[in-house]
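Student: I've got a structure open on my screen and I'd like a close look at a single part of it. Could you take one chain and walk me through it slowly, then show me how it sits with the rest?

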Amino acid sequence: MYTLIAIVALGVLCLIVEIFNGRKAIVPITIVGLLAILGLTATGFNDSADTFNNMIVFDNFATTFSCLFIVLTIFLVALSPNFHEKQITKISDFISIKLFLLSGGVAMVAFGNLSMFFLGIEILSIALYVLAASDRLSIKSNEAGMKYFLMGAFASGFILFGIALIYGATGSFDMATIQEAGSSADVEDWFYIGAILLSIGMLFKVAAAPFHFWAPDVYEGSPALTTALMSTLTKVIAMAAFFKLVGAMNVNLPYSSQTAIIVISILSMTIGNIMALKQTNVKRMLAFSGISHAGFMLMTLLAVTTSAGVLLYYASAYALSGIAAFAVILYVTKDKDNEDIFNFNGLGKTSPVLAGVLTCSLLSMAGIPIFSGFFAKVFLFGQMLNAGHIVLVIVAVVNSIISVGYYFKLILAMYTKEATEEARPVPFVFHAVAVSAIALNIAIGLYPSFLLDLLN
Amino acid sequence: MQNVLQEIGVDNYIYLSTILFCIGIFGVLFRRNAIVMFMSIEIMLNAVNLLLVVFSTYHQDAAGQVFVFFSMAVAAAEVAVGLAILVGIYRNIHSIDIDKLKNLKG
């Protein structure tokens, strides 16, 4: 509850500090503030509270995911001043939009009422449209913003229509009432149509396979920091919200919807990986890799009651390695007009630490042991085998092997090719963010039970 | 209101708003002028607003009408951002035809 208020207040504070000429203080204030909010949120663990007539329910699911979002936002905010060096006069706008986006994300996992959920998803989306189009002189960024806006508004329409039909069938926006009505036998047919439309809208937002076509274009065109935000924070938020919605919508998934989830998950993994193999632009490659990871995360929906912990673990592992990878990508592609793989040639010699971090994070995404990505996949597959989806697990394992192919393309470029340009000094912040993100990733890999047990 | 709803029937309202929603979808998918696409999105959202109000009367529950206020405010904010992006595009390429935006491919 206080998490949400504190995040919004911090965003407003950023705008006010700018008025009083405290531009240099904005990023430190935000990071300290977010750390304080992280502490505040973590203390609320294990005492769930519902406030404002059940509008906001901070149960353990909401608390742990909010903590994850806040950690990711701290990393992204820390990277901001260097990335926006040329537009440093607008830094307060960029930071406060990110904070408002975070507040939308927290509302999306802590909702107890569909209206709160809708407001959360719209706060998140509108902030993202602005960020995607924020490099307004670049035609690529404009195009990415426009595409994302049209697709996002389209998906919002579906979500809204779904909410309206669910309201029509149950007579309430309250999640507890909807859960009760959804599990009773004599619910109107509108309820199922509404649930399907809502799911379609959410699949657009997580960029799962039949609805993924916007993702590569938007990821490539947006400013690199926004791409980092979309592929880590937004993906995790959308996935967590979708998980919570499915859990509340119908506890016992009917057989047909299980089949639909299996098909969508397999499609996402396969299409994402196959398409990623032939990409030369790193941002675009990571967009397809994100689509395949969305496919993996969608698998958790097949065992909604037991797999919240696995989803948290997978999301943390994926997002932390994504942050580490993007910290390096931001450094390498700074002041370049493209993000092609040849930019990374010889990074292993010119900047061994960053090359090492990028290697670790890509190995984690591919699922190589000692990194948490591997354990995330192990727990996920174990969960799915328990639920009896053997075919799905086989396809997922094959897909993990395919994904090694394109991750290694980048790793090989860093270590086997000659550098095309002189080494540039690496600003401290890139080292700090990249190393601490990958250290967190390895730490949760070494002590997986810490995260897994939080939600079981 | 309740009488009107009973005479016409809640089903007909659902059909009407579904048709409006579909018109909006086809507008987004088939028109290439950005402003017309924005208008189509507005039709989609307003079809839902109509549906929400109908259900609100049907259930004798005010929550649906309150939700309409939220969704109107959100739609206004969304279109404001969309138009701002459109102005940026117009300044760069002097056109608002979506088909001219083809730099990102692969």
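Tutor: Sure, let's take chain B, and start with what a record says about it. UniProt, in an unreviewed entry, places the feature "transmembrane region" at residues 12-30, 35-55 and 67-90 of chain B. Keep in mind that what you have on screen is a predicted model.

So what does the model show at those spans? Residues 35-55 of chain B are 100% helix and 0% strand, and the C-alpha atoms at the two ends of that span lie 30 Å apart. Residues 67-90 of chain B are also 100% helix and 0% strand, with 34 Å between the end C-alpha atoms.

Now zoom out to the whole of chain B. It has 4 helices and 0 strands, and reading from the N terminus the order of elements is simply α-α-α-α. Turn the chain around and look at its outline: along the principal axes, the C-alpha trace of chain B spans about 55 × 25 × 25 Å. Its radius of gyration is 18 Å, while a compact globule of 106 residues would have one near 13 Å. As for the inside, 32% of the 106 residues of chain B count as buried. And if you take contacts in chain B with a sequence separation of 6 or more, 47% of them are between residues 24 or more positions apart.

Next, the neighbour. Where does chain B touch chain A? The contact involves 32 residues of chain B and 36 residues of chain A. On the chain B side, the elements that give two or more residues are α2 (10-30), α3 (34-59) and α4 (63-93). The largest share comes from α4(B), with 15 residues. Sorted by class, that side of chain B has 21 nonpolar, 9 polar and 2 charged residues.

Let's set chain A beside it. Chain A comes to 19 helices and 2 strands. Its C-alpha atoms fill a box of roughly 70 × 55 × 40 Å along the principal axes. With 456 residues, a compact globule would have a radius of gyration near 23 Å, and the 21 Å of chain A agrees with that. Buried residues make up 59% of chain A, and of its contacts between residues at least 6 apart in sequence, 77% join residues at least 24 apart.

Here's a helix pair in chain A worth finding. Helix α2 (residues 26-43) and helix α3 (residues 60-83) of chain A pack at an angle of about 170°, with axes 10 Å apart. That angle makes α2(A) roughly antiparallel to α3(A). The residues that meet include Leu34(A) and Leu38(A) from α2(A), and Ile70(A) and Ile74(A) from α3(A). By class, this contact has 14 nonpolar, 6 polar and no charged residues.

Last stop, a single residue: Ser292(A), found in helix α12 (residues 282-298) of chain A. Is it buried or exposed? Ser292(A) counts as buried, because it has 26 C-beta neighbours inside 10 Å. Leaving out residues up to four places away in sequence, Ser292(A) touches Ser268(A), Met269(A), Gly272(A), Asn273(A), Asn399(A) and Ser403(A). Thr420(A), on the other hand, is 128 residues away from Ser292(A) in sequence and 32 Å away in space, C-alpha to C-alpha.

Note on methods. Residues are numbered from 1 along each chain as its sequence is written. Chains are lettered from A and ligands numbered from 1 in the order in which they are written. This is a predicted model: local features need pLDDT of at least 70, side-chain atom pairs count only at pLDDT 80 or more; totals for chains, interfaces and linings use all residues. Axes are lines fitted to C-alpha atoms, for helices over the stretch in contact, and angles run from 0 to 180 degrees between N-to-C directions. Angles under 35 degrees count as roughly parallel, over 145 as roughly antiparallel, 65 to 115 as roughly perpendicular and the rest as oblique. Two residues are in contact if their C-beta atoms, placed from the backbone, lie within 7 Å. Ala, Val, Leu, Ile, Met, Phe, Trp, Tyr, Cys and Pro count as nonpolar, Asp, Glu, Lys and Arg as charged, and the others, Gly among them, as polar. A residue is buried if 20 or more other C-beta atoms lie within 10 Å of its own, exposed if 12 or fewer, and partly exposed in between; C-beta atoms are placed from the backbone. UniProt positions are given in the numbering used here, feature names are shortened, and annotations may be inferred rather than shown by experiment. The radius of gyration is taken over C-alpha atoms; the globule rule is 2.2 Å times the number of residues to the power 0.38.
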